Amino acid sequence: MATIAEYRPCLGVLLAGGQSSRMGRDKALLDWHGQPLIEHQLATLRAAGVDALRVSGEHPSHHGVADLASQLGPVGGLMSVAASVTGEVELLVIPVDMPRLSGALLQRLRVERWQARSLAFAEYVLPWRFRLDAASRALLLALASSAAPRARSLRALEAAMETEALALSKDEATQLVDCNTPELWNEMSR
């Protein structure tokens, strides 16, 4: 556990800026047990104990951070969020389309191995915690500037940040199912 002197604020980041092309409509606005999915995911981040929240994407009612450059995917979203934040901070990043995530699992990612600069669950890209500092900002800008789309992926960014892997139980892994098609959504929301 971090001491007060070692504490860095933790900003919860919800990636909700995609085009939802496979879903056919904005995933953030899907109904999840009586509330928009975006609201559910923000509540999950709050339950993880983050100090503040940012939504990546144009969601004015949630003070969303619009992409500074289009067609850069999640890396562009993170680059835009990074530009809206000053100083060094931990980012706890989740996608909007992973509704089974629990605050407890995110809390575990947030506090375990707190000294790691970048941490994700083994074999998963998201959720992800990393330190936003001068080095990670430079990596974000470099990847966003790359002409090769594969170089602009979160997986490439995590590799460049030498992300450490945190073990995950089978039960915990059931929380990391994303639903980005109508079929997956219908199955999950039953």
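## Helix H2 and the sheet

Visitor: Which residues of helix H2 are buried?

Guide: "Buried" is under 20% relative accessible area, "exposed" is over 50%, and "partly exposed" sits in between (1.4 Å probe, protein chains only). Helices are DSSP runs of H or I with at least four residues, strands are runs of E with at least two, and both are numbered from the N terminus. By that yardstick, the buried residues of H2 are Val-75, Gly-76, Gly-77, Leu-78, Met-79, Ser-80, Val-81 and Ala-82.

Visitor: How many of H2's eleven residues is that?

Guide: First, a heads-up: this is a predicted model, where local features need pLDDT of at least 70, side-chain atom pairs count only at pLDDT 80 or more, and totals for chains, interfaces and linings use all residues. Residues are numbered from 1 along each chain as its sequence is written, and side-chain values use heavy atoms, with hydrogens and water left out. H2 runs over residues 73-83 and is mostly covered. The buried count among its eleven residues is eight.

Visitor: And what covers those buried residues of H2?

Guide: Contact here means heavy atoms within 4.5 Å. The cover comes from strands and helices, including S1 (10-15), S4 (52-56), S5 (89-95), S7 (128-132), H4 (134-145) and H5 (154-160).

Visitor: Are H2 and H4 roughly parallel or oblique to each other?

Guide: Axes are lines fitted to C-alpha atoms, for helices over the stretch in contact, and angles run from 0 to 180 degrees between N-to-C directions. The H2 and H4 axes come within 9 Å and cross at roughly 140°. Under 35 degrees counts as roughly parallel, over 145 as roughly antiparallel, 65 to 115 as roughly perpendicular, and the rest as oblique. The pair is therefore oblique.

Visitor: Which residues meet there, and how many of them are nonpolar, polar and charged?

Guide: H2 brings Val-75, Leu-78, Met-79, Ala-82 and Ala-83, and H4 answers with Arg-137, Leu-140, Leu-141, Leu-143 and Ala-144. Nonpolar covers Ala, Val, Leu, Ile, Met, Phe, Trp, Tyr, Cys and Pro, charged covers Asp, Glu, Lys and Arg, and the others, Gly among them, are polar. The split is nine nonpolar, no polar and one charged.

Visitor: What is the strand order in the sheet?

Guide: Two strands pair if DSSP finds at least two bridges between them. Six strands make an open sheet with mixed pairing, and the edge strands S4 and S8 each pair on one side only. Neighbouring strands are turned by 25° against each other on average, direction ignored. The order is S4-S1-S5-S7-S6-S8.

Visitor: Which strands does H2 touch when it packs on the sheet?

Guide: Helix H1 (residues 37-47) lies across S1, S4 and S5, at about 160° to S1. H2's direction makes about 145° with that of S1. The strands H2 touches are S1, S4, S5 and S7.

Visitor: In S6, which residues are buried on each side?

Guide: In a regular strand the side chains alternate between the two faces of the sheet. Both faces of S6 are covered. One side has Ser-118 and Ala-120, and the other has Leu-119 and Phe-121.

Visitor: What are the bridge partners of Ser-118 in S7 and Phe-121 in S8?

Guide: S6 and S7 pair antiparallel over three bridges, while S6 and S8 run parallel, also joined by three bridges. Ser-118 pairs with Phe-130. For Phe-121, the partner is Leu-166.

Visitor: Where is the cis peptide bond?

Guide: Look in the loop between S6 (118-121) and S7, where Pro-127 is found. With omega near 0°, the cis bond runs from Leu-126 to Pro-127.

Visitor: Is His-33, with its positive phi, buried or exposed?

Guide: His-33 sits in the loop between S2 (31-32) and S3 (35-36). Its phi is about 50°, although it is not a glycine. With a relative accessible area of 59%, His-33 is exposed.

Visitor: How far apart in space are Val-13 and Ile-94?

Guide: Val-13 is found in S1 and is buried, at 0% relative accessible area. Its contacts, not counting residues up to four places away in sequence, include Leu-78 and Val-81 as well as Ile-94. Val-13 and Ile-94 are 81 residues apart in sequence, yet their C-alpha to C-alpha distance is 6.3 Å.
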